[in-house]
Amino acid sequence: MPYDPEKHGSHRIVGPGFHERVFTIVSQVPSGAVTTYGEVARALGSVKVARQVGYALAAIPEGRRDVPWYRVVNALGRVHRPADDPGGREQRRRLRREGIEVDESGRIRRFAEVRFQFEQSLTDESGE
């Protein structure tokens, strides 16, 4: 189901400032690398919020160009949308522009080599 602010707005927030914390962490993923929703959640201090990380990335305000949302993929190393979806095409295009190879099925080639992992949790352990 696509993100709909009318339906999902307040339900997608996990504590005050959650979206901004997600945006800050995702902004640390370097060009030419990808990370996973779970890895971002771990950096936030709670692996249980991986799905909410995805919701936060789906809710990036229109004018925010500093958040490289397209560098976040699922745990299997696949882009989050199919190629026939406009967002999926955009994610693949941006990743390829940074040198990340994406096959026809949406899987990142050499995923283990280009996967970025944060050194440790970047926030407190409460996950808030």
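This passage looks at one helix packing and at the aromatic pairs in a predicted model.

A helpful place to start is the way two helices meet. Two packed helices are described by the angle between their axes and by the distance between those axes. Here, helix α2, which covers residues 18-26, packs with helix α4, residues 50-58, at an angle of about 90°. The axes of the two helices lie 9 Å apart. Because angles of 65 to 115 degrees count as roughly perpendicular, α2 is described as roughly perpendicular to α4.

The side of the contact that belongs to α2 consists of F18, H19, V22, F23 and V26. These residues meet Q52, V53, Y55, A56 and L57 in α4. Sorted by character, the residues of this contact comprise 8 nonpolar and 2 polar ones, with no charged residue among them.

Attention now turns to the aromatic rings. A pair of such rings is described by the distance of the centres and the angle of the planes. The structure contains 2 aromatic pairs. One of them joins W69 and Y70 in an edge-to-face arrangement, with 5.7 Å from centre to centre and 90° between the planes. Within this pair, Y70 has a relative accessible area of 8%, so Y70 is buried.

F116 and F118 also form an edge-to-face pair, with 5.0 Å between the centres and 90° between the planes. F116 is partly exposed, given its relative accessible area of 23%. F118, on the other hand, has 5% relative accessibility and therefore counts as buried, since buried means under 20%.

Definitions and conventions:
Residues numbered from 1 in each chain as written. Predicted model: local features only at pLDDT ≥ 70, side-chain atom pairs only at ≥ 80, totals over all residues. Heavy atoms only, no water. Axes fitted to C-alpha atoms, helices over the stretch in contact; angles between N-to-C directions. Helix = DSSP H or I, 4+ residues; strand = E, 2+ residues; numbered from the N terminus. Parallel < 35°, antiparallel > 145°, perpendicular 65-115°, else oblique. Contact = heavy atoms within 4.5 Å. Nonpolar A, V, L, I, M, F, W, Y, C, P; charged D, E, K, R; others polar. Phe/Tyr/Trp six-rings, centres within 6.5 Å; stacked < 30°, edge-to-face > 60°. Buried < 20%, exposed > 50% of the residue type's maximum accessible area, 1.4 Å probe, protein only.
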